[in-house]
Amino acid sequence: MRYEALFTLKGRFYGGESGPARANGCECAGEIFPVIVIHGGTSGLDLTKEEFKIREEPMKKALLAGQAVLEKGGSAMDAVTAAIMVLEDDPNFNAGKGAVFTADGFNELDASIMDGSTKKAGAFAMARHIKNPILGARLVMDKTWHTLVAGEGADKLAKENGLEMVDQKYFFTQFRYDALQKAKEKQKLLLDSEKAKKTSLNLHERPYLGTVGAIALDQNGNLAAATSTGGMTNKMTGRIGDSPIIGSGTYADNDSVAVSCTGTGDIYMRVNAAHEVSALYKYKTQDVQKAAEDAIAQVKALGGSGGIISIDKNGHTGFAWTKDKLGMYHGEARLGAKPIVYWPLGEK
């Protein structure tokens, strides 16, 4: 495994389409049909075509990057890494370059990755200087005997192993900074009021949550999952959400499913949402769509919101998200087909 930007797709780009139809894959006569699925967080439903387009194009590029790996017979692990790197480099998502700010004005980055064939996993949390956190997560999995490394130790590990490091100013985007100021003002206005007991103090600019995730099934029947995020605007410095927690925001198991989540991470951790999809599929024998829907229903029941993408071991996909004025950016690419990015629909 090389840790430079060798995953970047060059010279290929398809137009793709958006819409409600999905080509749901299957395993037929022992043949496996590789697929990569991604999400770019969730969004309000009053999205304009222009706002959608801003995120549709990089999502297509991410799908193409993962699809290219799979077309060459590459692994699901390399496919999800390639896709996540494209999204981390785009400032329109809450991962890498476009990460949100903590209450103290820092960008703290979380990411995780899991190999469904070995159940090995790696995660980074609270990193402040690694350009592509997903490579840090992969590094933890491939080069250490740990699963999660956080804070200064994460950045130190990345630097010692030659990963690209950047100054905090690299992650700065004006609209994320403005969102922090608005969130602080909202918090100040609500402080000590009765409303504060019932109202979230976090202001989520559009897109509502821009965490990114990728899951894939390769030609060998191996599943992989990866997730990357900057967390929540105005979060407490040092706060860690579900994205770097294996079983909460990311999970992959060749005997069941690969899952990546986006949403209210503190509640996803309480549900252990990603693993819950696997458990419902594996032990309650639910299909992957039903398993994703039931897991997200548990998140919603505890007051959370967000979405889930999933692929089962046969290549069937499942998408679910909380529906109250919310949709999910998601897309998929199968071999030989144009990548599709779906409009953040409020209904399935």
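Guide: Two strands are taken to pair if DSSP finds at least two bridges between them, and this cut-off applies throughout what follows, in which the model is a predicted one.

Visitor: How many bridges join β7 to strand β8?

Guide: Strand β8 covers residues 257–263 and runs antiparallel to β7, and one place where the two strands face each other is Y251, which stands opposite V259 in β8. Since two bridges would already be enough for pairing, β7 and β8 qualify, because the number of bridges that join them is three.

Visitor: Which are the edge strands of the open sheet of four strands?

Guide: The order of this sheet is β7-β8-β9-β10, with antiparallel pairing, and the twist averages 10° from one strand to the next. An edge strand here is one that pairs on one side only, and this holds for two strands, β7 (250–252) and β10 (317–321).

Visitor: α7 packs on the sheet, but what angle does its direction make with that of β8?

Guide: Strand β8 is joined to β7 by three bridges, and α7 touches both of these strands and also β9 (306–312). The direction of α7, compared with that of β8, makes an angle of about 140°.

Visitor: Helix α8 lies across which strands?

Guide: Helix α8 comprises residues 288–301, and its course runs at about 20° to β10. Besides β10, the strands that α8 lies across are β8 and β9.

Visitor: Is α7 roughly antiparallel or oblique to α8?

Guide: Helix α7 (residues 273–283) packs against α8 at an angle of about 135°, with the axes 8 Å apart. An angle has to be over 145 degrees to count as roughly antiparallel, so the relation of α7 to α8 is oblique.

Visitor: Of which class are nine residues in the contact of α7 with α8?

Guide: The two helices pass in a right-handed crossing, where A273, E276, V277, L280 and Y281 of α7 meet V288, A291, A292, D294, A295, Q298 and V299 of α8. By class, one residue of this contact is polar and two are charged, while the nine are nonpolar.

Visitor: What order do the strands have in the open sheet of eight strands?

Guide: The pairing in this sheet is mixed, and the edge strands, each of which pairs on one side only, are β4 (148–150) and β12 (340–342). Towards β12, strand β11 (residues 327–334) is joined to it by three bridges in the antiparallel sense, with H330 having Y342 as its bridge partner. The order across the sheet is β4-β3-β2-β6-β5-β1-β11-β12.

Visitor: Is strand β6 mostly covered or exposed?

Guide: Strand β6 (residues 223–229) is joined to β2 by six bridges, and it pairs with β5 over six bridges. In a regular strand the side chains alternate between the two faces of the sheet, and on β6 both faces are covered, with L223, A225, T227 and T229 buried on one side and A224, A226 and S228 buried on the other. With seven of its seven residues buried, β6 is mostly covered.

Visitor: Which residue in the turn between β5 and β6 has a positive phi?

Guide: Strand β5 (residues 212–217) pairs with β6 in the antiparallel sense, and L217 stands opposite L223 in β6. The two strands form a hairpin with five residues between them, and the residue in the turn whose phi is positive, at about 80°, is G221.

Visitor: Are α1 and α2 roughly parallel or roughly antiparallel to each other?

Guide: Helix α1 (residues 49–71) lies across β1 (35–43), β5, β11 and β12, and its axis comes within 8 Å of that of α2, crossing at roughly 160°. Because angles over 145 degrees fall in the one class and angles under 35 degrees in the other, α1 and α2 are roughly antiparallel.

Visitor: F106 lies in the loop between which two elements, and is it buried or partly exposed?

Guide: Leaving aside its neighbours within four places in sequence, F106 is in contact with V100, F101, R128, Q168 and T237, and its C-alpha is 9.5 Å from that of K169, although the two are 63 residues apart in sequence. The loop that holds F106 runs between α2 (76–88) and β2 (109–115). Buried would require under 20% relative accessible area, so F106, at 30%, is partly exposed.

Conventions: Residues numbered from 1 in each chain as written. Predicted model: local features only at pLDDT ≥ 70, side-chain atom pairs only at ≥ 80, totals over all residues. Heavy atoms only, no water. Buried < 20%, exposed > 50% of the residue type's maximum accessible area, 1.4 Å probe, protein only. Contact = heavy atoms within 4.5 Å. Axes fitted to C-alpha atoms, helices over the stretch in contact; angles between N-to-C directions. Parallel < 35°, antiparallel > 145°, perpendicular 65-115°, else oblique. Left-handed = near helix turned anticlockwise from the far one by under 90°. Nonpolar A, V, L, I, M, F, W, Y, C, P; charged D, E, K, R; others polar.
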